[in-house]
Amino acid sequence: MPDDFGFNRLPDRPGQAVTIDFEGEPVTAYEGDSVTAALLAAGHAVTRTTPVRGTARGPFCMMGVCFDCLLEIDGQANRQGCAVLVSEGLRVRRMDGARAVTAEPEDA
Ligand code: FES
């Protein structure tokens, strides 16, 4: 993570380390992290791009209000990353532009 990123883990962070997949790359997270917090801690500030102009967006509120943290999580589009806790093997992708809304995860 860049030194000037402004988002760092507390040194006494408890919890078991887990690995999630973000855009095909492994990201180390800790039990109790939200997906968004884990991505920020790993230096990934962009979670989606806007459907019309493709502008990069990143998490802002971290409490389910702004919807700027939308991600595809385990095949399900439009999930708020700040409201989903990490678990081992979770597959996460950015929401790039407009996506079809799916009723069920891909592997359900
Ligand atoms: S960061 Fe605002 S809704 Fe998730």
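In this predicted model, T49 lies in strand β3, which spans residues 48-49. T49 has a relative accessible area of 16%. The cut-off for a buried residue is under 20%, so T49 counts as buried. The side chain of T49 is joined to that of D96 by a polar contact of 3.5 Å. D96 is also among the residues that T49 touches once those up to four places away in sequence are set aside. The others are G54, T55, A56, M95 and G97.

The largest nonpolar core comprises 14 residues. Within this core, the residues with the most contacts are I20, V35, L39, L71, V86 and V92. Four elements each supply two or more of the core residues. Three are strands: β1 (17-22), β2 (25-30) and β5 (70-73). The fourth is helix α1 (35-41).

V35 illustrates how the core residues meet. Neighbours within four places in sequence are again left out. V35 is then in contact with L71, V86 and V92, which are themselves listed among the core residues with the most contacts. Further contacts of V35 are made with I73, G81, V84, L85 and L90.

Strand β5 also takes part in a hairpin with β6. Strand β6 covers residues 76-80. The two strands pair in the antiparallel sense, over three bridges. I73, one of the contacts of V35, has Q76 of β6 as its bridge partner. Two residues lie between the strands of this hairpin. There, D74 adopts a positive phi near 50°.

How values were computed:
Residues are numbered from 1 along each chain as its sequence is written. This is a predicted model: local features need pLDDT of at least 70, side-chain atom pairs count only at pLDDT 80 or more; totals for chains, interfaces and linings use all residues. Side-chain values use heavy atoms; hydrogens and water are left out. A nonpolar core is a set of buried Ala, Val, Leu, Ile, Met, Phe, Trp, Tyr and Cys residues joined through side-chain atoms within 4.5 Å. Buried means under 20% relative accessible area, exposed over 50%, partly exposed in between (1.4 Å probe, protein chains only). Contact means heavy atoms within 4.5 Å. Two strands pair if DSSP finds at least two bridges between them. A polar contact is a pair of N or O atoms within 3.5 Å; within protein, one must be able to donate a hydrogen and the other to accept it, and residues adjacent in sequence count only if both atoms are side-chain atoms.
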